[in-house]
Each structure stands twice: as structure tokens, then as C-alpha cells.
Amino acid sequence: MSNSIEIPFSTTLMVRDTCLCLHVQRAARALARLFDDALRPAGLTNGQFSLMMSLNRPEPPPMGPVAALLAMDQTTLTAALKPLQRKGWVDVMENPRDRRGRLLSLTVEGKAALAKALPIWEVTHASIDDGLPDGGAARLRQDLQALAGVTGEMPKPSVRRSRHGGPAMGE
């Protein structure tokens with residue numbers, strides 16, 4: 001007699017076809033590859049473009065708000081800044097109001113790199129928008145923003161036993 005829990009293959013297919021997380025991850029990876037390929041001639045990845053664009057502000061922002069905007073922790077942001085600092089595109093300086101904090105800014109060279117990448121991003125983005133059904137791009141952005149806002153507020157699911165005998169997500 002086996003103690004292994006069997007999950008029906010039909011459940012695998014149902015999760016494959018309905019899992020929002022899976023579909024968003026797949027779409028994010030496809031978009032990331034597309035933008036990475038497009039931005040390569042400008043010497044940027046899609047993540048670096050987003051990070052540098054988030055620094056394009058009238059005043060240098062502190063790390064916390066930049067990390068929050070990019071949905072990453074400050075350690076990950078610090079690691080993402082390193083190659084941009086090495087290229088001379090980003091400055092990280094002490095915050096004069098809080099010596100423990102850091103302010104981030106684009107250098108003149110960083111602004112030039114971002115300006116070179118922007119038309120590439122615009123063309124790539126327009127082709128994606130044009131490839132979606134009427135109103136699809138705006139609706140997709142709206143839905144993704146709603147998901148991003150909701151996920152931090154949702155209660156953690158409780159664990160209960162499924163009809164297959166294993167743990168299942170609670171209501």
C-alpha cells in the first residue's frame with residue numbers, strides 16, 4: 001500500500017489553463033525577452049531601462065521609493081545599480097537629510113543612454129499595444145495595476161485538506 005498522494009492529471013490541466021500567476025509569469029518573461037532584445041543596441045536590459053527611467057526625476061529619489069516602485073527590496077535594487085554605476089550612468093550619494101540613506105540620480109552619461117534607449121522602447125511598446133485588441137493595452141495595464149495593488153492587501157490563504165487528501169488552498 002502506497003502513501004503517495006495522487007493528483008489527477010485533469011487538475012494539472014486545470015491549473016495550467018487557469019493559473020493567473022503562471023500566465024502573468026509567462027507573459028512577463030516573453031515581454032522581458034522582447035524588450036531585452038530591442039534595447040540591446042542601447043546597451044540596456046529592460047530592467048535597467050525601467051530602473052533608469054524611475055530615476056529620471058527633478059530631484060534625486062531615496063532608495064526606498066525607487067525599490068517600492070520597481071517592486072523589489074533594497075538589496076536587489078543595490079545589486080541592480082552596480083552595473084549602471086560601473087558604466088557611469090548612475091550616482092549613489094549620501095542623503096544629506098539622513099546620513100544612513102542614499103539618494104539616486106542619473107549622470108549626464110546616464111541621461112544620454114536613456115535618451116538613446118527611449119525611441120527604441122517607444123517603437124517596441126507601440127508594436128505591442130497595436131498587437132492587442134482595441135482597448136486591450138489600456139485594459140491590460142489597468143488589470144495589472146489592480147493586481148499589483150491587491151496582492152499586498154490579500155490575506156494569506158489558510159490550508160485545509162482537499163478532496164484528494166492533500167493540503168488545499170483555503171477560501
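## What lines the largest pocket

In this predicted model, the lining of the largest pocket is made up of 21 nonpolar residues, six polar ones and two charged ones. That gives 29 lining residues altogether, and the ones nearest the pocket's centre are A28, L31, S50, H125 and L144. As for which elements supply two or more of the lining residues, they are helix 2 (20-39), helix 3 (46-55), helix 4 (63-69), helix 6 (108-131) and helix 7 (136-151). Helix 2 is the top contributor, putting seven residues into the lining.

The volume of this pocket works out at about 1400 Å³. If you're wondering how empty space gets picked out at all, rolling a probe the size of a water molecule over the atoms shows where it is left.

## The chain as a whole

Zooming out, the chain has seven helices and four strands. Read from the N terminus, the order of elements is α-α-α-α-α-β-β-α-α-β-β.

There are 171 residues in the chain, and 22% of them count as buried. The accessible surface adds up to about 12300 Å², with 59% of that belonging to carbon and sulfur atoms. On the contact side, take the pairs in the chain that are at least 6 apart in sequence: 43% of those contacts join residues at least 24 apart.

## Helix 5 and what it packs against

Helix 5 covers residues 74-86, which is 13 residues. From first C-alpha to last, helix 5 reaches 18 Å, close to the 18 Å you'd expect at 1.5 Å a residue.

Which residues of helix 5 are buried? They are L77, L81 and L84. The spacing is worth a look: an α-helix has 3.6 residues a turn, so residues three or four places apart point the same way. The buried residues of helix 5 pack against two helices and two strands, namely helix 3, helix 4, strand 1 (90-95) and strand 2 (98-106).

## An odd backbone angle at A71

Just ahead of helix 5, in the loop that links helix 4 to helix 5, sits A71. Its phi is near 55°, a positive value in a residue that isn't glycine. For context, most residues other than glycine have a negative phi.

Is A71 buried or exposed? A71 counts as exposed, because its relative accessibility is 73% and the cut-off for exposed is over 50%.

Methods:
Residues numbered from 1 in each chain as written. Predicted model: local features only at pLDDT ≥ 70, side-chain atom pairs only at ≥ 80, totals over all residues. Heavy atoms only, no water. 1 Å grid on protein atoms, 1.4 Å probe; cavity = no way out; pocket = protein on both sides within 12 Å on 5 of 7 lines; lining within 4 Å. Points joined across faces, edges and corners; volume = space filled by probe spheres on them. Nonpolar A, V, L, I, M, F, W, Y, C, P; charged D, E, K, R; others polar. Buried < 20%, exposed > 50% of the residue type's maximum accessible area, 1.4 Å probe, protein only. Contact = heavy atoms within 4.5 Å. Areas by Shrake-Rupley, 256 points an atom, 1.4 Å probe, with all protein chains shown as cover. Expected span 1.5 Å × (residues − 1).
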